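Colleague: I would like to learn how to read a structure one feature at a time. Could we go through one together, slowly?

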Amino acid sequence: MVIHKEQRVGVFVDVQNLYYSARHLYSSKVDFKAVLRDATNGRKLIRAFAYVIKADVKDEHNFFEALENMGYDVRAKDLQVFVGGHKKGDWDVGIAMDIVKLAPKLDAVVIVSGDGDYVPLVQHAQSVGCRVEGMAFGKSSSSMLKAAVDDFVDLDKSSKKYLIQKQKK
């Protein structure tokens, strides 16, 4: 992967996608500070967004505040609860719109998600001249997304680096 330190980079983190992958695969939590550091890779960070779903759970506010302190612009929306108890919370369209709007101001777009729904978005960003990179846990990532991006960082390959180690009691 060729990295130029003068590249203007935008980082777009689908927090729920990473959270559930880390929980399912490793019974652990993501170190979002390490993700941001490696996503920028010494380049000029223009914007970093963390897209979260508000579910009124314990310590949620503290987590959102911690993301802001790491340098993320936190975008939050409420969890939708439908009749019958079905719940939905995703940011696919919001992430896509932010990338479409910011792509002309960026040299590199980093999508931190393994969601294959982003393939058309990747293709669009590439068509306007952006290098598009993906970061996610490879075991739970779409093979189509991995093939579409210019470079894919598989967090599984250095999972200890991207996971918060549990405190021993």
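**Reading a fold, feature by feature**

Modeller: Let us begin with a helix, in a model that is predicted. In helix H4, which covers residues 92-102, the buried residues are Asp 92, Gly 94, Ile 95, Asp 98, Ile 99 and Leu 102.

Colleague: How should I read the spacing in such a list, and what covers the buried residues of H4?

Modeller: The general idea is that an α-helix has 3.6 residues a turn, so residues three or four places apart point the same way. As for the cover over the buried residues of H4, it includes strand E1 (8-14), E3, strand E4 (73-78), strand E7 (108-112) and helix H5 (119-127).

Colleague: How many helices and strands are there in the chain, if I step back from H4?

Modeller: The chain holds seven helices and 10 strands. Its radius of gyration is 16 Å, close to the 15 Å that the globule rule gives for 169 residues, so the chain is as compact as a globular protein of that length. Taken along the principal axes, the C-alpha atoms fill a box of roughly 40 × 40 × 30 Å, and 44% of the 169 residues count as buried. If you look at contacts between residues at least 6 apart in sequence, 66% of them join residues at least 24 apart.

Colleague: Which residues of the largest nonpolar core touch the most other members?

Modeller: That core has 51 residues, and the ones that touch the most other members are Val 11, Phe 12, Leu 18 and Tyr 72. Strand E3 gives the most to this core, with six residues. To see what one member meets, take Val 11: leaving out residues up to four places away in sequence, the residues Val 11 touches include Leu 36, Ala 39, Leu 45, Phe 49, Val 110 and Val 112.

Colleague: And how do I read a pocket; which residues are the closest to the centre of the largest one?

Modeller: A pocket can be described by its volume, its lining and the classes of residue in that lining. Here the largest pocket has a volume of about 720 Å³, and, of the 23 residues that line it, the closest to its centre are Tyr 19, Lys 29, Val 57, Glu 60 and Phe 63. Two or more lining residues come from each of helix H1 (15-26), strand E2 (29-30), strand E3 (44-54) and helix H3 (60-70). By class, the lining has 15 nonpolar, two polar and six charged residues.

Colleague: Now a single side chain: is Arg 43 buried or exposed?

Modeller: The way to decide is to compare its relative accessibility with the cut-off, where buried means under 20%. Arg 43 has a relative accessibility of 6%, so it counts as buried, although it lies in the loop between helix H2 (32-40) and E3. Beyond its neighbours within four places in sequence, Arg 43 is in contact with residues that include His 4, Val 110 and Glu 133. Arg 43 and His 4 are 39 residues apart along the chain, yet their C-alpha atoms are separated by 7.0 Å.

Colleague: What does Glu 68, in helix H3, count as at 46% relative accessibility?

Modeller: Glu 68 counts as partly exposed, because its 46% relative accessibility falls between the 20% and 50% cut-offs.

Colleague: Last, what is the phi of Ser 27 near?

Modeller: Phi of Ser 27 is near 50°, a positive value in a residue other than glycine, and Ser 27 is found in the loop between H1 and E2.

Definitions and conventions: Residues numbered from 1 in each chain as written. Predicted model: local features only at pLDDT ≥ 70, side-chain atom pairs only at ≥ 80, totals over all residues. Heavy atoms only, no water. 1 Å grid on protein atoms, 1.4 Å probe; cavity = no way out; pocket = protein on both sides within 12 Å on 5 of 7 lines; lining within 4 Å. Points joined across faces, edges and corners; volume = space filled by probe spheres on them. Helix = DSSP H or I, 4+ residues; strand = E, 2+ residues; numbered from the N terminus. Nonpolar A, V, L, I, M, F, W, Y, C, P; charged D, E, K, R; others polar. Core = buried A, V, L, I, M, F, W, Y, C linked by side-chain atoms within 4.5 Å. Buried < 20%, exposed > 50% of the residue type's maximum accessible area, 1.4 Å probe, protein only. Contact = heavy atoms within 4.5 Å. Rg over C-alpha atoms; globule rule 2.2 N^0.38 Å.
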